[in-house]
Amino acid sequence: MLQDKAQDLGRQIGQSDEYKAMKRTSEALGEDREAVALLTELEQLRRQAGQMIERGEQPTAEMESRLDELLGQVQGNPAYQRAIAAQDNFDKLMLRVNEWIS
């Protein structure tokens, strides 16, 4: 019985406007070549900086500058902004669902 209710809840969440918007904007972001390139470079540079910090080294000023520049470009990308807004709305829905379950 609980499994059936949980599966029904999962179906209903999957049919929600918030989930559909999140999925749609995420797919659109994945199709935006510029955004994907920026996000890929940002992640690689973050990983590099993290590895340097783990070794006790400081990332270079150039790395930090490039990270800031990339972050600004990513945050200014309309597809990224839509995806983040949709994710935020879905997260709020899931928070409400969890509160109702509690």
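Helices H2 and H5 are roughly antiparallel to each other, because the angle between them falls in the class over 145 degrees (angles under 35 degrees count as roughly parallel, 65 to 115 as roughly perpendicular and the rest as oblique). The structure is a predicted model, in which local features need pLDDT of at least 70 and side-chain atom pairs count only at pLDDT 80 or more, while totals for chains, interfaces and linings use all residues. Residues are numbered from 1 along each chain as its sequence is written, and side-chain values use heavy atoms, with hydrogens and water left out.

The axes of H2 (residues 17-31) and H5 (residues 78-101) come within 8 Å and cross at roughly 155°; axes here are lines fitted to C-alpha atoms, for helices over the stretch in contact, with angles running from 0 to 180 degrees between N-to-C directions. Helices themselves are DSSP runs (H or I, at least four residues), numbered from the N terminus. The crossing of H2 and H5 is left-handed, a term used where the near helix is turned anticlockwise from the far one by less than a right angle, as opposed to clockwise for right-handed. On the H2 side the contact (heavy atoms within 4.5 Å) involves Glu 18, Tyr 19, Ala 21, Met 22, Thr 25 and Leu 29, and these meet H5 residues including Tyr 80, Arg 82, Ala 86, Phe 90 and Leu 93. By class, ten nonpolar, three polar and three charged residues make up the contact of H2 with H5, where Ala, Val, Leu, Ile, Met, Phe, Trp, Tyr, Cys and Pro count as nonpolar, Asp, Glu, Lys and Arg as charged, and the others, Gly among them, as polar.

H2 also packs against H3, at an angle of about 85° and with the axes 5 Å apart, and these two helices are therefore roughly perpendicular to each other. Leu 29, Gly 30 and Glu 31 of H2 make this contact with Arg 33, Ala 35, Val 36 and Leu 39 of H3. The contact of H2 with H3 has four nonpolar, one polar and two charged residues.

The largest nonpolar core, a set of buried Ala, Val, Leu, Ile, Met, Phe, Trp, Tyr and Cys residues joined through side-chain atoms within 4.5 Å, has nine residues: Leu 38, Leu 42, Leu 45, Ala 49, Met 52, Met 63, Leu 67, Leu 70 and Val 74. Helix H3 (33-54) and helix H4 (61-75) each supply at least two residues of this core, and H3 gives the most, with five residues. A second, separate core of seven residues includes Ala 86, Phe 90, Leu 93 and Val 97.

Two residues of H4 illustrate the larger core. Leu 70, found in helix H4, counts as buried at 0% relative accessibility (buried means under 20% relative accessible area, exposed over 50%, partly exposed in between, with a 1.4 Å probe and protein chains only). Leaving aside neighbours within four places in sequence, Leu 70 is in contact with Leu 38, Glu 41, Leu 42 and Leu 45. Val 74, also in helix H4, is buried with a relative accessible area of 2%, and, with neighbours within four places in sequence again left aside, Val 74 is in contact with Leu 38, Leu 39, Leu 42 and Tyr 80. Val 74 and Leu 42 are 32 residues apart in sequence and 8.6 Å apart in space, C-alpha to C-alpha.

Gly 76, by contrast, is placed in the loop between H4 and H5 and is partly exposed, with a relative accessible area of 45%.
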